[in-house]
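Trainee: Could we go through this model together? I would like to hear the reasoning behind each label.

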Amino acid sequence: MTPCVLESRPLYSIGTVSRLTGIKADTLRIWERRYGLGATKKSTGGRREYTQSDLEHLQIIAALRTQGTRIGDICNLDRKTLELMLRCSHSHGTATLPKLRPRVLFIGEDLADWLDLHPGYLAKVSAFISRTSAEAIISAPETRQPGYDAVFVQCSTIDHSTVIELENLRRVTGANQLVACATSVSSAWLNELKRIDVTMLSLPPNPGKLGTEINRSVIDLARNLGDSDTGELANAKPRQFSDRQLEQAWSIETTQASISPTQLSQLIKELNTFELLSSECPVDNWQESAVNSCVYAYTNQARWLMEKAMQAVLEGQK
């Protein structure tokens, strides 16, 4: 079987790493020769290419250096030890640690080629790209630890064997968020993907929808870590009322002076429309996609809360 090669994204030049860490480029070159603290990859032309992990490791070292720690004392320490040292030495706990990024795995040659042309969509994640197949990933032990927050996988078709493969992929990668990318899928199999909590995207992917799903992994990680900016966002909620049920609620007459089902059904329908709009709105870049993702998340929560209000009102009519 073809070896499973994982390509890291994004990749940084030595100049960018120097700017993001505050360490001079000449110093980085000296550390690489003397301590092995260099880029783990090189381009075909021999230029240094720093991975996200390389950058974060050097950011922690830079933070310790500003506190007076000698480079010779920490150059051979692993990241966990360095993080512990930084936490213990900083009065605000983890304030100076690099912000964690979700680990996102992308599988499939066509999907990888698309990402090569649109690298900006990987700006806020620690991405790993495999140009092989889901089967190769499932069989490769190196992909199982330490796990992924989200997996995007290219599928040639969606059928019973694909569903089994997707479930196995989730099991070995540990990813809560699983996204299948295919050229087409029947309504029956689309419902089956929804049943096993797999999101469906087209191939080549719609930029707006792909950006929304990638940003969702960022929001989920921030929520799990207690990020104050996004921690208040709950998981996406499914619809509680169908369009037909909302039409029925619209026609309910009431003599009470309180909020009526008619008013709530109109509001919920408008939120449904805006929720769909925010999830499918075309975008030109990562920033627009990030904004749309937050708008979608907040609209989703507002719609769900209004549905809870509708349930309370309908209960009161009985």
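Mentor: Gladly, and let us begin with a pair of strands in this predicted model. β4 and β5 run parallel and are joined by 5 bridges.

Trainee: What makes β4 and β5 a pair?

Mentor: Two strands pair if there are at least two bridges between them. β4 and β5 have 5 bridges, so they meet the criterion of at least two. One place to look is I107, which stands opposite S130 in β5.

Trainee: Which strand pairs with β5 in the antiparallel sense?

Mentor: That is β1, with 3 bridges to β5 (residues 126-130). Look for E7 opposite I129 and S8 opposite F128.

Trainee: How do these strands fit into the sheet?

Mentor: The sheet is open and has 6 strands, in the order β1-β5-β4-β6-β7-β8, with mixed pairing. Neighbouring strands in it are turned by 20° against each other on average, with direction ignored.

Trainee: Why are β1 and β8 called edge strands?

Mentor: β1 (7-9) and β8 each pair on one side only. Helix α6 (residues 109-117) lies across β1, β4, β5, β6 and β7, and runs at about 115° to β6.

Trainee: How do you know whether β5 is mostly covered or mostly open?

Mentor: Buried means under 20% relative accessible area, and 5 of the 5 residues of β5 are buried. S126, F128 and S130 point one way from the strand, A127 and I129 the other way, and all are buried. In a regular strand, side chains alternate between the two faces of the sheet.

Trainee: Let us turn to the helices. What makes α1 roughly perpendicular to α2?

Mentor: Helix α1 (residues 14-21) packs against helix α2 (residues 25-35) at an angle of about 105°, and their axes are 9 Å apart. Angles of 65 to 115 degrees count as roughly perpendicular, so α1 is roughly perpendicular to α2.

Trainee: Which residues meet there?

Mentor: On α1 they are I14, V17 and S18, and on α2 they are A25, L28 and R29. By class, this contact has 4 nonpolar, 1 polar and 1 charged residues.

Trainee: Is I71 called buried or exposed, and why?

Mentor: Its relative accessible area is 11%. The cut-off for buried is under 20%, so I71 is buried. I71 lies in helix α4 (residues 71-74). Leaving out residues up to four places away in sequence, I71 touches W31, Y35, L37, I61 and R65. I71 and W31 are 40 residues apart along the chain, and their C-alpha atoms are separated by 8.8 Å.

Trainee: And D197, is that residue buried or exposed?

Mentor: D197 has a relative accessible area of 54%. Exposed means over 50%, so D197 is exposed. You will find D197 in the loop between α9 (187-195) and β8.

Trainee: What is the phi of D197?

Mentor: It is positive, at about 60°, although D197 is not a glycine. Most residues other than glycine have a negative phi, and most peptide bonds are trans.

Trainee: Where are the cis peptide bonds joining R9 to P10 and L203 to P204?

Mentor: For the bond between R9 and P10, omega is about -5°, and P10 is found in the loop between β1 and α1. For the bond between L203 and P204, omega is about 0°, and P204 sits in the loop between β8 and α10 (207-224).

Trainee: Last topic: what makes a group of residues a nonpolar core?

Mentor: The residues must be buried, come from a set that includes Val and Leu, and be joined through side-chain atoms within 4.5 Å. The largest such core has 25 residues, and V151, L166 and L169 have the most contacts inside it. Among the elements giving two or more residues to this core are β4 (103-107), β6 (150-154) and β7 (177-182), while α8 gives the most, with 4 residues.

Trainee: Which residues are in contact with L166, leaving aside its neighbours within four places in sequence?

Mentor: They are V153, C155, L178, A180, L193 and V198. Apart from the largest core lies another, of 22 residues, among them Y12, L55, L58 and C75.

Technical notes:
Residues are numbered from 1 along each chain as its sequence is written. This is a predicted model: local features need pLDDT of at least 70, side-chain atom pairs count only at pLDDT 80 or more; totals for chains, interfaces and linings use all residues. Side-chain values use heavy atoms; hydrogens and water are left out. Buried means under 20% relative accessible area, exposed over 50%, partly exposed in between (1.4 Å probe, protein chains only). Contact means heavy atoms within 4.5 Å. Axes are lines fitted to C-alpha atoms, for helices over the stretch in contact, and angles run from 0 to 180 degrees between N-to-C directions. Angles under 35 degrees count as roughly parallel, over 145 as roughly antiparallel, 65 to 115 as roughly perpendicular and the rest as oblique. Ala, Val, Leu, Ile, Met, Phe, Trp, Tyr, Cys and Pro count as nonpolar, Asp, Glu, Lys and Arg as charged, and the others, Gly among them, as polar.
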